[in-house]
Amino acid sequence: MAERVIPLVDQRSRALTPPVPAPGAAERATGELFDTRARPLRDLRISVTDRCNFRCGYCMPKEVFDKHYRYLPHSDLLSFEEITRVARLFMAHGVHKIRLTGGEPLLRKNLERLVEQLAALPTVDGRAPDLTLTTNGSILARKARALKDAGLSRVTVSLDSLDDAVFRRMNDMDFPVADVLAGIEAAQAAGLERIKVNMVVKRGTNDHEITAMARRFRGTGITLRFIEYMDVGATNGWRMDEVLPSSEVIARLQAELPLVPLAASTPGETAKRWGWAGADGRHDPALGEVGVISSVTQAFCGDCNRARLSTEGRLYLCLFASQGWDLRTLLRGGATDAQLEAAIAAIWRQRSDRYSELRASLPPEAGGGGRRIEMSYIGG
Ligand code: SAM
Ligand code: SF4
Ligand code: SF4
């Protein structure tokens, strides 16, 4: 077997300086902001911690994230007040959807307080944001009620297998699957809506679980989404032969249960939707749907409207970016709201990222290799 080499470069140090206009010269947000490819800014993903209690091999492999790994000190993390301020300014630019992520977001102390603050922010059309959270579900059973009460609209739980042995191996912390399933049930019981379950499919590791997962969630109101194993970060030793293309996921499901393609529900949606068909061959809403996220085999950069805020306040314009814009220095250096809004606008307007579209043609030194930030640092 080829030796696996894991580069240990800490990409967190690569920061870009945002352009800041003079006080008074800054234009205010209009609710519509477009990048160089005419993509609007609609979705903000906020990482609230770089820590996690799992060691999924595709994200935080134990060999790298061991006891010597240096996580960010607490003073480097954006405070809840700083996060809320940035989120408010992003919403003035047209963001409707906010997703909290990590690391494992539920490890951040008193996260409900942040949820409460974010839920109270208005979108440009005066509504509450679509506020959601991606979690590994390990402590969701304890937290679901408080999160719902604080104003969380919905939740996505990552779950790669129903088989306890496979699940324990994949989280690499011997964590039992029953606790995550209990977390999903608690989320349902708490009244969180449109619950999604994300399964990263790795060929040869958990692809034999695809149909069992589909059967488990069919007809439950929960949408299962299959995610292609991605070449994010620099530590997971990604190999194309471990990617199971979404087309194959759908073919395997259809061999057992009928599915029909569904239209996208919103522009910029990452998942392609498929509905479970009833006896008449048409989508039966009572059976629900599944989604496939084909980040590797079918690029969806064309309408990518997502920005990502790292735990320490860097703004990343693509999941595969190698540098982020340092908003924290502005926040802590006394920048006014108008200056911050203008800086965000200038950053988004120059955005041209479309890594997935270019993946196949990129030489390693241009981003196809090991120079990217980790998923656990900016979240999914
Ligand atoms: N800890 C939380 C969780 O696991 O849900 C939130 C952070 S995690 C980085 C966000 C999502 O990214 C998860 O659904 C996870 O499965 C996914 N993810 C991480 N590494 C990935 C990879 N290499 N390929 C595809 N998805 C990945
Ligand atoms: Fe932790 Fe989520 Fe990454 Fe797994 S995918 S190691 S649960 S941050
Ligand atoms: Fe968006 Fe970058 Fe993913 Fe393309 S590769 S869809 S630009 S995050």
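This report describes the surroundings of three ligands, one buried residue and a nonpolar core in a predicted model.

Residues are numbered from 1 along each chain as its sequence is written, and chains are lettered from A and ligands numbered from 1 in the order in which they are written. In this predicted model local features need pLDDT of at least 70, side-chain atom pairs count only at pLDDT 80 or more, and totals for chains, interfaces and linings use all residues, while side-chain values use heavy atoms, with hydrogens and water left out.

**Ligand 1**

The shell of ligand 1 holds 20 residues, and the closest are Tyr58, Gly103, Ser158, Met230 and Met375. A residue belongs to a shell if one of its heavy atoms lies within 4 Å of the ligand. Polar contacts (pairs of N or O atoms within 3.5 Å) are listed in the table.

| Atom of ligand 1 | Partner | Distance |
|---|---|---|
| nitrogen | polar backbone atom of Tyr58 | 3.1 Å |
| oxygen | polar backbone atom of Thr135 | 3.2 Å |
| oxygen | polar side-chain atom of Ser158 | 2.5 Å |

Taken alone, ligand 1 exposes 540 Å², of which the protein buries 95%; these areas come from the Shrake-Rupley method with a 1.4 Å probe. Strands E4 (130-135), E6 (193-201) and E7 (223-228) each give two or more residues to this shell. Strands are DSSP runs of at least two residues, and helices are runs of at least four.

**Ligands 2 and 3**

Around ligand 2 stand Cys52, Phe54, Cys56, Tyr58, Cys59, Met60, Gly103 and Asn136. By class, six of these residues are nonpolar, two are polar and none is charged. In this scheme Asp, Glu, Lys and Arg count as charged, Ala, Val, Leu, Ile, Met, Phe, Trp, Tyr, Cys and Pro as nonpolar, and the others as polar. The shell around ligand 3 has seven nonpolar, one polar and four charged residues, and its members include Cys301, Cys304, Cys318, Arg306 and Arg308.

**Asn171**

Asn171 is part of helix H4 (residues 164-171). Asn171 counts as buried (under 20% relative accessible area, with a 1.4 Å probe and protein chains only) because its relative accessibility is 2%. Polar atoms of the Asn171 side chain lie 3.2 Å from the backbone nitrogen of Asp174 and 3.0 Å from the backbone oxygen of Phe175. Beyond its neighbours within four places in sequence, Asn171 is in contact (heavy atoms within 4.5 Å) with Phe54, Arg55 and Cys56.

**The nonpolar core**

The largest nonpolar core has 111 residues, among which Phe90, Leu100, Leu159 and Phe226 touch the most other members. Helix H1 (residues 80-92) supplies the largest share, seven residues. Such a core joins buried Ala, Val, Leu, Ile, Met, Phe, Trp, Tyr and Cys residues through side-chain atoms within 4.5 Å.

Technical notes. Buried means under 20% relative accessible area, exposed over 50%, partly exposed in between (1.4 Å probe, protein chains only). A polar contact is a pair of N or O atoms within 3.5 Å; within protein, one must be able to donate a hydrogen and the other to accept it, and residues adjacent in sequence count only if both atoms are side-chain atoms.
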